[in-house]
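Subject: Structure for you to look at, with notes

Dear colleague,

I am handing over the structure we talked about, and my notes follow below it. Please read them with the structure open beside you.

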Amino acid sequence: MPTAVRKPVSRLVADFLAARHVDRIFGLQGGHIQPIWDHIAQLGIRIVDVRDEGAAVHMAHAHAVLTGELGVAMVTAGPGVTNCVTAIANAYLERVPLLLIGGCAPRQQDDLGPLQGVPHTEIMQPITRQSRTLRVADNLVRDFDKAVSIALGDAGVPGPVYLEIPTDVLRETVHPDLVLEEYLRPKPQRRLQPDPDEIARAAAIISAAKRPLVITGRGAQRAGAELARLLDATRAAYLDTQESRGLIPAEHPCVVGAVRARAMQEADLTIVIGRKLDYQVGYGSPVVFPHARFIRIADNADELRDNRRGDVEILAAAPLALQALTGALGGRKPATDSAWIEALRAEHVRRSSKYAETLANAPAGKDGHMHPNRIFAALKKILKPDAITIADGGDILSFARMGLAPATYLDAGAFGCLGVGVPFGIAAALACPGKQVVVISGDGAFGINGMDIDSAKRHDAKVVFIIANNAAWNIERLDQEMNYGGRVVGTTLAYSDYAQMARAFGLHGERVTDPAQLPAALERAFAQAPALVDVVLTRDALSSDAGKGLGWVPDYQALTAWDDAERKRRGM
């Protein structure tokens, strides 16, 4: 009998990823993971190497969001893993399916003080769906199969998983009889079916509502068509949130984002789909939703029961739940108050149109530098309908939310995770090579992962980086100026020439100080991407977030108006 060919664990990891159709891995090489790295390269899986491990995780995050596939990152032990903590926490809050593979010291060196030996799994445990050290070579493929199912949210919440393998285990070999094909093959996504009784109860409540409001989150992202049909059937007002922007086209008659606060105040029914009631929606507080009953729809229990319970709570995949709801409504005429939704929509269109008209005429500041809205006025002339837009920063983020109307949009998310712009943009350009990809980043946020513009050049990622350069952490600077006696400390930066930095790395780079020159500069940037346009801006422009007190960090709510109302409700 021929001798069975045993494979090293490092090769089995690569075989597993190839069997799961992983076509790229983001990472930074190190000795603890080199055996896996080498086998991945031999199998032809693309390695996108980066300048910082956290950027690799951000790239895997964006890849997963844009493609609907598992994002994979790989880093070495010690600081290689700990550099990923912020990015993993961001993916955890954003429920992004992501696998981080880390290295660790050989088992024989446990507790001896090995090179780069820290308790990775304990560090990662609170911010992952699973965090494990795989010490048994024979179980390796089984363990990876289980971990990927957890990351993809099989009957649970999707999110990041951390796996590490001691280097001595990587060198062990496994008998082929232990590598079962059932562990290697991709698994169909399990989608929870809605309970018909709950659907019937929800349909009855929706049919009777006069001012229904729908709010979506990440859990609704793959349910755009079903959501549109429900909105058409109910004529409910619709609000997206950061992670569901672009799910419904801006021209849909139910979109009322410019009157967000009014819609929440006046709704008598709020249907929340795939979203926690976090700070962005006032925790569902009665001061924000004073008249509303709730219907909660989610594919996991965590998004059904936080802060406000629903009269009906439907545990199901969003596309299936929305399809069933629309069917249960049976084409009957909705009870929605036509005057109410038409008034909301009219005011939304009026405000949005007025704001869009003012973008190109936004006045310069007292310092003579241009207003940030000039960036969005120029982009409106250049961006195609299917462009991917990414916003990164504090102050610039609120201008971007109002100035961009994209089909596909990513930003710093509920975690407020500054620094995502550069890695998100690179991953987007690599995943969607036929589309325009633009990153609008504050200069402070850009500095966190700015070095990875080198990775954009090396991997030929056709992305355009626009630096909103106001030489400040401006929300915090304004907070100090207005609320702390004008004592501005540690919140100003230099008007550094980021275009010169980009040219040093071989990118096309331009610095723009005159808004009249901005459209042409952006045209050249898209034609010669990867490229960076450094736009010098005023510090005097007050963003909506700064004006609402976001930098102040009120006690009960994120925004001062909601906080004031909350205090009144509490008799304070």
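Does Val141 count as buried or exposed, and at what relative accessibility? Before I answer, please bear in mind that this is a predicted model. Val141 has 4% relative accessibility, which is under the 20% cut-off, so Val141 counts as buried. Val141 belongs to helix 7, and its C-alpha atom is separated by 8.0 Å from that of Leu180, although the two residues are 39 residues apart along the chain.

Aromatic rings

Helix 7 comes up again here, since a search of the whole structure finds 3 aromatic pairs, and one of them is made by Phe16 and Phe144. The centres of these two rings are 5.6 Å apart and their planes stand at 65 degrees, so the pair is edge-to-face. Because Phe16 lies in helix 1 (residues 9-19) and Phe144 in helix 7, the pair ties together parts that are 128 residues apart in sequence. Phe16 is buried, with a relative accessible area of 1%, and Phe144 is buried as well, with a value of 0%. Phe289 and Phe294 form another pair, with ring centres 5.4 Å apart and planes at 70 degrees, so this pair too is edge-to-face; both Phe289 and Phe294 are buried. A ring also takes part in a contact with a charge, in that the charged end of Arg245 sits over the ring of Tyr409, 4.5 Å from its centre.

Pocket and cavities

The second largest pocket holds about 970 Å³ of space. Of the 37 residues that line this pocket, Gly68, Pro97, Leu152, Pro158 and Gln189 are the closest to its centre. Helix 3 (53-67), helix 7 (140-151) and helix 14 (318-329) are the elements that give two or more residues to the lining, and the largest share, 3 residues, comes from helix 3. By class, the lining of this second largest pocket divides into 16 nonpolar, 9 polar and 12 charged residues.

As for enclosed space, the count comes to 2 cavities of 30 Å³ or more. The largest cavity has about 110 Å³ of space and is lined by 15 residues, of which Glu94, Arg218, Glu243, Leu410 and Asp411 lie nearest its centre. The lining of this largest cavity is made up of 4 nonpolar, 6 polar and 5 charged residues. The second largest cavity has about 50 Å³ of space, and its lining includes Ile206, Ser207, Ala233, Thr234 and Arg332. Helix 10 (196-208) and helix 11 (224-234) each supply at least two residues of that lining, which divides by class into 5 nonpolar, 3 polar and 1 charged.

A mostly covered helix

Helix 17 (residues 395-403) is mostly covered, with 7 of its 9 residues buried. The buried residues in helix 17 are Asp395, Ile396, Leu397, Ser398, Phe399, Ala400 and Gly403.

Cysteines

How many disulfides does a search of the whole structure find? The search finds 0 disulfides, and for Cys84, which is in no disulfide, the nearest cysteine sulfur is that of Cys417, 12 Å away. Cys84 has 0% relative accessibility and counts as buried, while Cys254, with a relative accessible area of 3%, is buried too.

Backbone details to check by eye

A cis peptide bond, with omega of about 5 degrees, joins Ala529 and Pro530, and Pro530 is found in the loop between helix 23 (518-527) and strand 19 (531-536). His21 is not a glycine, yet it has a positive phi of about 65 degrees; His21 is found in the loop between helix 1 and strand 2 (24-28), and at 61% relative accessibility it counts as exposed. Ala471 is not a glycine either, and has a positive phi of about 55 degrees. Ala471 lies in the loop between strand 17 (464-469) and helix 21 (474-483); whereas His21 is exposed, Ala471 is buried, with a relative accessible area of 0%.

With best wishes

Key:
Residues are numbered from 1 along each chain as its sequence is written. This is a predicted model: local features need pLDDT of at least 70, side-chain atom pairs count only at pLDDT 80 or more; totals for chains, interfaces and linings use all residues. Side-chain values use heavy atoms; hydrogens and water are left out. On a 1 Å grid over the protein atoms alone, a cavity is a set of points where a 1.4 Å probe fits but cannot get out, and a pocket is an open set with protein on both sides within 12 Å along at least five of seven lines; lining residues have an atom within 4 Å of a point. Grid points are joined across faces, edges and corners, and a volume is the space filled by probe spheres set on the points. Helices (H or I, at least four residues) and strands (E, at least two) are DSSP runs, numbered from the N terminus. Ala, Val, Leu, Ile, Met, Phe, Trp, Tyr, Cys and Pro count as nonpolar, Asp, Glu, Lys and Arg as charged, and the others, Gly among them, as polar. Buried means under 20% relative accessible area, exposed over 50%, partly exposed in between (1.4 Å probe, protein chains only). Rings of Phe, Tyr and Trp (its six-membered ring) pair if their centres lie within 6.5 Å; planes under 30 degrees apart count as stacked, over 60 as edge-to-face and the rest as tilted. A charge sits over a ring if NZ of Lys or CZ of Arg is within 6 Å of the ring centre and within 35 degrees of the ring normal. A disulfide is a pair of cysteine sulfur atoms within 2.5 Å.
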